[in-house]
Amino acid sequence: QVQLVESGGALVQAGGSLRLSCAASGFIFSNKAMGWFRQAPGKERESVAAISWKGGSTVYADSVKGRFTISRDNAKNTVYLQMNSLKPEDTAVYYCARGRMSYIRDYDYWGQGTQVTVSS
């Protein structure tokens, strides 16, 4: 079965950095686009970043452009989210998601999430 396991969340001060990882299993990872989402308390889940199957195409939310970088290692079945210059408003549970297709479109599986807390 499809499994997505996030890690790397932590408490960090504003201006700091974190790298989230998502280990995937149960499917052919290199065939699927992948994405990162986040959900803050009282807010709807929002898309943060996405990457196509070979990594040639990436998409970012305006709020994280220039600060976050999504990448993937198909040999390790892992997708990453490098987060720099973190702000308190980045505080949320971060989820990785599997795309339905090889290109960036929509998603069909989500992980359990990892908490990121940015203190001011």
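Visitor: Cysteine 96, buried or exposed?
Guide: Buried: in this predicted model cysteine 96 has a relative accessibility of 0%.

Visitor: Which residue does cysteine 96 form a disulfide with?
Guide: Cysteine 22, with the two sulfur atoms 1.9 Å apart. The structure holds 1 disulfide.

Visitor: And where do the two cysteines sit?
Guide: Cysteine 22 is in strand 3 and cysteine 96 in strand 9, so the pair links parts of the chain that are 74 residues apart. Cysteine 22 is buried as well, at a relative accessible area of 0%.

Visitor: Changing topic, how many residues are in the largest nonpolar core?
Guide: It has 29 residues. Trp36, Val79, Leu81, Met83 and Tyr94 have the most contacts inside it.

Visitor: Which strand gives the most to this core?
Guide: Strand 3, with 4 residues. Other elements that give two or more include strand 7 (68-73) and strand 8 (78-83).

Visitor: What is leucine 81 in contact with, neighbours within four places in sequence aside?
Guide: Among them are Leu18, Leu20, Trp36, Val48, Phe68, Ile70 and Tyr94. Ile70 in strand 7 is also the bridge partner of leucine 81 in strand 8.

Visitor: How do strand 7 and strand 8 pair?
Guide: In the antiparallel sense, over 6 bridges. They form a hairpin with 4 residues between them, and asparagine 77 in the turn has a positive phi of about 55°.

Visitor: Which residues make up the covered face of strand 7?
Guide: Phe68, Ile70 and Arg72, while Thr69, Ser71 and Asp73 make up the uncovered one.

Visitor: Why do the two faces take every other residue?
Guide: Because side chains in a regular strand alternate between the two faces of the sheet.

Definitions and conventions: Residues are numbered from 1 along each chain as its sequence is written. This is a predicted model: local features need pLDDT of at least 70, side-chain atom pairs count only at pLDDT 80 or more; totals for chains, interfaces and linings use all residues. Side-chain values use heavy atoms; hydrogens and water are left out. A nonpolar core is a set of buried Ala, Val, Leu, Ile, Met, Phe, Trp, Tyr and Cys residues joined through side-chain atoms within 4.5 Å. Buried means under 20% relative accessible area, exposed over 50%, partly exposed in between (1.4 Å probe, protein chains only). Contact means heavy atoms within 4.5 Å. A disulfide is a pair of cysteine sulfur atoms within 2.5 Å. Two strands pair if DSSP finds at least two bridges between them.
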